[in-house]
Amino acid sequence: MHAFYFREAWRSFKAHRGLALTTVFSLTAALTLSALFLLVSWNASQALRAIGDRREMVVYLKDETTDADVQALQEKIGELFGAATYVSRQQAWDEFSQQVGDADLLRAVDTNPLPASLRVKLKPELQNFVSMDASAKQIGAMPGVEAVRFGGEWVRRLDAVDAGARNAALAVGLLVALAIVFVLHNTLRLTVLARRQQVEIMSRLGASDRFVATPFLLEALLQTLLASLVALGLIFALQQVLAPRIEGLVFLPPLWSGAFLGGSLLLTWAVSAIALARVLRSSGA
């Protein structure tokens, strides 16, 4: 029985080749747009993650803080917020000297004005503006802490960019889903109409709706599979062309590519099942 469904679907695909290819081209256009945005979203998320990994908090210590106090503070911060690395006044001055690089200017400074500090690598769940702001206030209230800095405005903008990218990806996904619904519904309607006589004969002979609809459903899945593979192939070719010009541009990982294929087929199955029920009912099957 299953072989019959596949044979009928393939026969319909070849018999209505023009309509089938038009459908594949239309789906390819919509899915290529979706895959392109997935590629942009993936690379943007990787870039944002790389930047986010460098988020850290600098805790400046009071001059009178003892070594024992620093160690206790370091352990407490490490337990609650993330690993804390101690930077002495001399280490801070050495780093500052390397950054400035002007020996005459450095000699004009009589004494080292830089305080000792703790550089805190925050836990992943705290690497957003709201959590970092709250953490800074809590750490700032601890004994021995002079001030806390974490670049709040920069973190806020980075979070806004990340949220904007996710919302844009969702909007494009919805638009592509609507395009697929439109293309599949009209294609299935035309395909059923082209085989209306055959459908009516099968219905009069007692064939169930499922028996009649399954070949159409398989044909729609086949068209979507072809369109999805072509879309991924086009995006892979585009990535290969642009990779030498854009540093760090990579293709979608296997999980994302598989999700793209699976999502497309799942959407097609759902849309086709609903559309076929309506089309067959309106055609009198």
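**Figure 1. Aromatic pairs in the predicted model.** The count of aromatic pairs in this predicted model comes to 4. One of them joins Phe129 and Phe150, whose ring centres are 6.3 Å apart. The planes of these two rings stand at 45°, so the pair is tilted; edge-to-face would need an angle over 60 degrees, and stacked one under 30 degrees. Phe129 belongs to helix α6 (residues 129–140), while Phe150 sits in the loop between β4 (145–149) and α7. The pair links distant parts of the chain, with the two positions 21 residues apart. Both Phe129 and Phe150 are buried.

**Figure 2. The edge-to-face pair of Phe236 and Phe251**. Here the ring centres of Phe236 and Phe251 are 5.2 Å apart, and the angle between their planes is 85°. Phe236 lies in helix α9 (residues 209–242), and Phe251 lies in the loop between α9 and α10. The two residues are 15 residues apart, and their pairing links distant parts of the chain. Phe236 has 39% relative accessibility and therefore counts as partly exposed. Phe251, at 22%, also counts as partly exposed, because the buried class ends at 20%.

**Figure 3. The second largest pocket and its lining**. The space in this pocket is about 280 Å³. Its lining is made of 17 residues, and the closest to the pocket centre are Ser34, Leu38, Gly173, Val176 and Phe260. The elements that each give two or more residues to the lining are α2 (17–52), α7 (152–194) and α10 (254–282). By type, the lining divides into 12 nonpolar residues and 5 polar ones, with no charged residue.

**Figure 4. Ala84 and its surroundings in strand β2**. Ala84 is found in strand β2, which covers residues 82–87. The relative accessibility of Ala84 is 13%, so Ala84 counts as buried. Leaving out residues up to four places away in sequence, Ala84 touches Gln74, Ile77, Arg119 and Val120. Leu126 is 42 residues from Ala84 along the chain, and the C-alpha atoms of the two are separated by 14 Å.

**Figure 5. Confidence along the predicted chain.** The mean pLDDT of the chain is 81, and 92% of its residues reach 70 or more. Confidence is highest in strand β1 (residues 57–61), with a mean of 90. Confidence is lowest in helix α8 (residues 196–204), with a mean of 70. Where pLDDT is low, the predicted coordinates should not be read in detail.

Key:
Residues are numbered from 1 along each chain as its sequence is written. This is a predicted model: local features need pLDDT of at least 70, side-chain atom pairs count only at pLDDT 80 or more; totals for chains, interfaces and linings use all residues. Side-chain values use heavy atoms; hydrogens and water are left out. pLDDT is the predictor's confidence in each residue, from 0 to 100. Helices (H or I, at least four residues) and strands (E, at least two) are DSSP runs, numbered from the N terminus. On a 1 Å grid over the protein atoms alone, a cavity is a set of points where a 1.4 Å probe fits but cannot get out, and a pocket is an open set with protein on both sides within 12 Å along at least five of seven lines; lining residues have an atom within 4 Å of a point. Grid points are joined across faces, edges and corners, and a volume is the space filled by probe spheres set on the points. Ala, Val, Leu, Ile, Met, Phe, Trp, Tyr, Cys and Pro count as nonpolar, Asp, Glu, Lys and Arg as charged, and the others, Gly among them, as polar. Rings of Phe, Tyr and Trp (its six-membered ring) pair if their centres lie within 6.5 Å; planes under 30 degrees apart count as stacked, over 60 as edge-to-face and the rest as tilted. Buried means under 20% relative accessible area, exposed over 50%, partly exposed in between (1.4 Å probe, protein chains only). Contact means heavy atoms within 4.5 Å.
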